[in-house]
Amino acid sequence: MTREAPQVAGSGLLGTLVELRDDTVRAYLRAQRDHGDVVRFPVGPPGLRAHLYAVFSPDGVQQILGTRAAGFRKDNSVYAEIRASIGNGLLTSQDDEYLFQRRLVQPLFTRRRVDGYAAAIGTEAAATADRWAARPDATVDVASETAEFALRAISRILFGADLDETVDVVRRCFPVLGEHVLNRGANPLRSPRNWPTPANRRAAAAQRELYAICDRIIAERHASRTAPEGDGDDMMTLLVKARDADGSVLDAQAVRDQVLVFLLAGHETTATALAFALHLLALHPKAQERTHTELDEVLGGRTPAAGDLDRLPYVTMVLKEALRLYPSVAIMGRKAVTDTEIGGFRIPAGADVYVSPYVTHRHPAYWDDPEAFDPERFTPQAEADRPRYAFFPFGGGPRACIGQHFAMLEATLALATLLQRFTLTAVDTEIPLELGMTMRAAGPVRVRLTSR
Ligand code: HEM
């Protein structure tokens, strides 16, 4: 029998709007603890009130992202704002347009191709380590350091020789667009985008600057499209040369849409995972010692390469545990296409439905002592004993992250390079979080360095 999902109590005036706006993941955690795995949040004033649904059980998540994905679309207001800000690339497109894009983009993310990006990642990881070694006070903020590293790494891979110029533009323009997407996506009373409000004008200027630099580089790559594909091609060139079976290609705007999606989806997410892995190792000397031992035994002081990934199982376990506790994509939203049910609870057509790695990764039915850092949770045996969707930092089903191997390679190479050279001690122990486009540290995450 299908029942109404339990409703989270809110104020008569705005429902749970304020709680969700102030700290979404805390509100979700409380709701799971008090009401169970499918809950309903009343949002907005009476008369305009909507109900958001959140689903926390691995089985429910599997249905929404995986087995019944066609019934849960990327149709909510945040996706609409992302489309308006940076175009309709792989993260937001749907239906035939999505399938076409995915066919053309997938070859850029095969294991072989991604392993080919290792040299660019290694260059930036080594530069980061050198910068750290020159720090006079031997203390670094790993949040800002990893953000810089990940932005430079993805930009080097995307833009090749045009790296420095693009990094500067992205560093200035992306935060403006991100903030605009969030403010508008969460505001049901937003004004039209073409009204000349200060926020709209700032965002439009940032978009123009970002589009202009991408369009210029794309035009240059188009001019050299006839050159045979080489292993040294940057990702922009690969996108320009990509061809479907019937010969169709991505036009200039579609290439720009993908490039901007890779920047959006690919740098803050990886930076946060890496920052928290470093922070957690700094807090847990035994786990750090084990990481050092593995690195010394496997690498013996040489530069890590793509082929080392499978030989560094403990580093992988540490990264997964960091992604469990601090999943950079803390919530994902969909819209229910038809009246349906999850876990015996009714979900009406048109409802916004959310899943949250942050909450499911702490679900007491699947994780003992969920707040404790313990990489042993990710031995092959322990992983096999859990339902597939108890851990889903990269989403799942047909819209799973295309950059998963890319991100794990990047984080592993960086972690290995940095830990080969330094021992870390935590300076900041409690790290407040903020939920922007991704979940990240709200302030610095300082770590003291000792050279090894
Ligand atoms: C630790 C790092 C990363 C995390 C935690 C992460 C997480 C995710 C998640 C959860 C999704 C699914 C979103 C949804 O279903 O609503 C996703 C999709 C996506 N990610 Fe990642 N991601 C990471 C790194 C990357 C990188 C490095 C790239 C590219 C260079 C990338 C590109 C994408 C793209 C294009 C999609 C959309 C895929 C599709 O719908 O076909 N991500 N990511």
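With a relative accessibility of 3%, E124 counts as buried. That is a good place to start in this structure, which is a predicted model, as E124 carries a carboxyl group that has found a partner. The side chain of E124 meets that of R152 in a salt bridge, with N and O 3.0 Å apart. R152 belongs to helix 8 (residues 142-159) and E124 to helix 7 (residues 118-133), so this pair ties together parts that lie 28 residues apart in sequence. What about the burial of R152? At 19% relative accessibility it counts as buried, because the limit for that label is under 20%.

**Salt bridges**

A second salt bridge joins the side chains of R131 and E145, at 2.8 Å from N to O. Here too distant parts of the chain are linked: R131 sits in helix 7 and E145 in helix 8, with their positions 14 residues apart in sequence. Helices 7 and 8 therefore host both R152–E124 and R131–E145.

Further along the chain, R377 forms a salt bridge with E321, and their closest N and O atoms are 3.0 Å apart. R377 is in the loop between helix 16 (357-360) and helix 17 (380-384), whereas E321 is in helix 15 (residues 313-325); the two are 56 residues apart.

How accessible are the residues of these pairs? The values are set out here.

| Residue | Relative accessibility | Class |
|---|---|---|
| R152 | 19% | buried |
| E124 | 3% | buried |
| R131 | 33% | partly exposed |
| E145 | 11% | buried |
| R377 | 9% | buried |
| E321 | 0% | buried |

Salt bridges can also share partners: D162, E165, R216, E220, R221 and D234 are joined into one network in this way. The count for the structure comes to 38 salt bridges.

**The iron site**

Which residue supplies the only protein donor of the iron atom of the ligand? It is C401, through its SG atom, at 2.3 Å. C401 is found in the loop between helix 17 and helix 18 (404-421).

**Around A382**

Helix 17, one of the two helices that flank the C401 loop, contains A382. Leaving aside residues up to four places away in sequence, A382 touches E376 and R377. R377 is the arginine that pairs with E321, so this contact leads back to a residue that is buried at 9% relative accessibility. Looking the other way along the chain, the C-alpha atoms of A382 and F392 are separated by 15 Å, with the two residues 10 apart in sequence.

**The five-stranded sheet**

There is also an open sheet of 5 strands, arranged in the order 1-2-8-5-3 with mixed pairing. Strand 1 (38-43) and strand 3 (72-73) are the edge strands, each pairing on one side only. Within the sheet, strand 2 (residues 50-55) and strand 8 (residues 352-355) run parallel and are joined by 4 bridges. For a concrete handle on this pairing, look at V55, whose bridge partner in strand 8 is V355. Helix 2 (residues 24-35) packs on the sheet and touches strand 1, strand 2 and strand 8. The direction of helix 2 makes about 130 degrees with that of strand 1.

How values were computed:
Residues numbered from 1 in each chain as written. Predicted model: local features only at pLDDT ≥ 70, side-chain atom pairs only at ≥ 80, totals over all residues. Heavy atoms only, no water. Salt bridge = Lys/Arg side-chain N within 4 Å of Asp/Glu carboxyl O. Buried < 20%, exposed > 50% of the residue type's maximum accessible area, 1.4 Å probe, protein only. Donors = N, O, S within 2.8 Å, 3.2 Å for Na, K, Ca; no water. Pairing = 2+ DSSP bridges. Contact = heavy atoms within 4.5 Å. Axes fitted to C-alpha atoms, helices over the stretch in contact; angles between N-to-C directions.
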